[in-house]
Amino acid sequence: MSRVCQITGKRFMVGNNVSHSKRRTKRRFDVNLFKKRFFLVEEERWIDLRVSASGLRMINKVGLLAALKSAQEKGYITKF
């Protein structure tokens with residue numbers, strides 16, 4: 001499973017390591033992901049998600065069901 005947030009769709013970014021002599025080599029900036037369990041009250045069951053820190057803030061702001069529906073519309077998750 002790739003390191004992608006299931007709520008926001010965030011993926012890694014590519015950048016450069018820059019040494020003291022300004023020599024550049026490629027590197028990856030990974031997403032701040034967490035494996036979290038959420039209780040879906042409407043269906044009375046637990047779900048497991050890989051969520052970024054900004055995805056957690058989005059769930060706290062709009063609610064779990066609304067965040068899952070928007071992620072499903074955007075194609076980040078197929079079912080929940």
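**Group meeting: a helix, a core and two loops**

Okay, let's start right at the end of a helix: α1 is followed by glycine 63, and the phi of that glycine is positive, near 100°. Before I go on, keep in mind that this is a predicted model.

So, α1 itself. It covers residues 53–62, and the buried ones in there are Ser54, Gly55 and Ile59. Where do they sit around the helix? If you look down the axis of α1, those buried residues fall within an arc of 145°, so they line one face. As a reminder, an α-helix has 3.6 residues a turn, so residues three or four places apart point the same way. Flip to the face turned away from the buried side and you get Arg57, Asn60 and Lys61, which are exposed. And what covers the buried residues of α1? The cover includes β3, β4 and α2.

Stay with serine 54 for a second, since it lies in α1. Its side chain makes a polar contact of 3.2 Å with the side chain of serine 52. Leaving out residues up to four places away in sequence, serine 54 touches Thr8 and Lys10.

Now the core. The largest nonpolar core has 15 residues, and the members touching the most others are Ile7, Phe38, Leu49, Val51, Ile59, Leu64 and Leu68. Which elements give two or more residues to this core? Those are β3, residues 33–40, β4, residues 45–52, and α2, residues 64–74. The largest share comes from α2, with four residues. For the general background, nonpolar side chains tend to be buried together in soluble globular proteins.

If you want one residue to click on, try valine 51. Ignoring neighbours within four places in sequence, valine 51 is in contact with Cys5, Ile7, Asn32, Leu33, Phe34, Phe38, Leu56 and Ile59. You'll recognise Ile7, Phe38 and Ile59 from the core list.

Last stop, the backbone angles. Which residues have a positive phi without being glycine? Lysine 22 is one of them, at about 70°. Lysine 22 lies in the loop between β1, residues 13–18, and β2, residues 24–29. Buried or exposed? Lysine 22 counts as exposed, because its relative accessibility is 55% and the cut-off for exposed is over 50%.

Glutamate 44 also isn't a glycine, and its phi is positive too, about 50°. This one lies in the loop between β3 and β4. With a relative accessibility of 65%, glutamate 44 counts as exposed.

That's my tour, thanks.

Methods. Residues are numbered from 1 along each chain as its sequence is written. This is a predicted model: local features need pLDDT of at least 70, side-chain atom pairs count only at pLDDT 80 or more; totals for chains, interfaces and linings use all residues. Side-chain values use heavy atoms; hydrogens and water are left out. A nonpolar core is a set of buried Ala, Val, Leu, Ile, Met, Phe, Trp, Tyr and Cys residues joined through side-chain atoms within 4.5 Å. Buried means under 20% relative accessible area, exposed over 50%, partly exposed in between (1.4 Å probe, protein chains only). Contact means heavy atoms within 4.5 Å. The arc is that of the directions from the helix axis to the C-beta atoms. A polar contact is a pair of N or O atoms within 3.5 Å; within protein, one must be able to donate a hydrogen and the other to accept it, and residues adjacent in sequence count only if both atoms are side-chain atoms.
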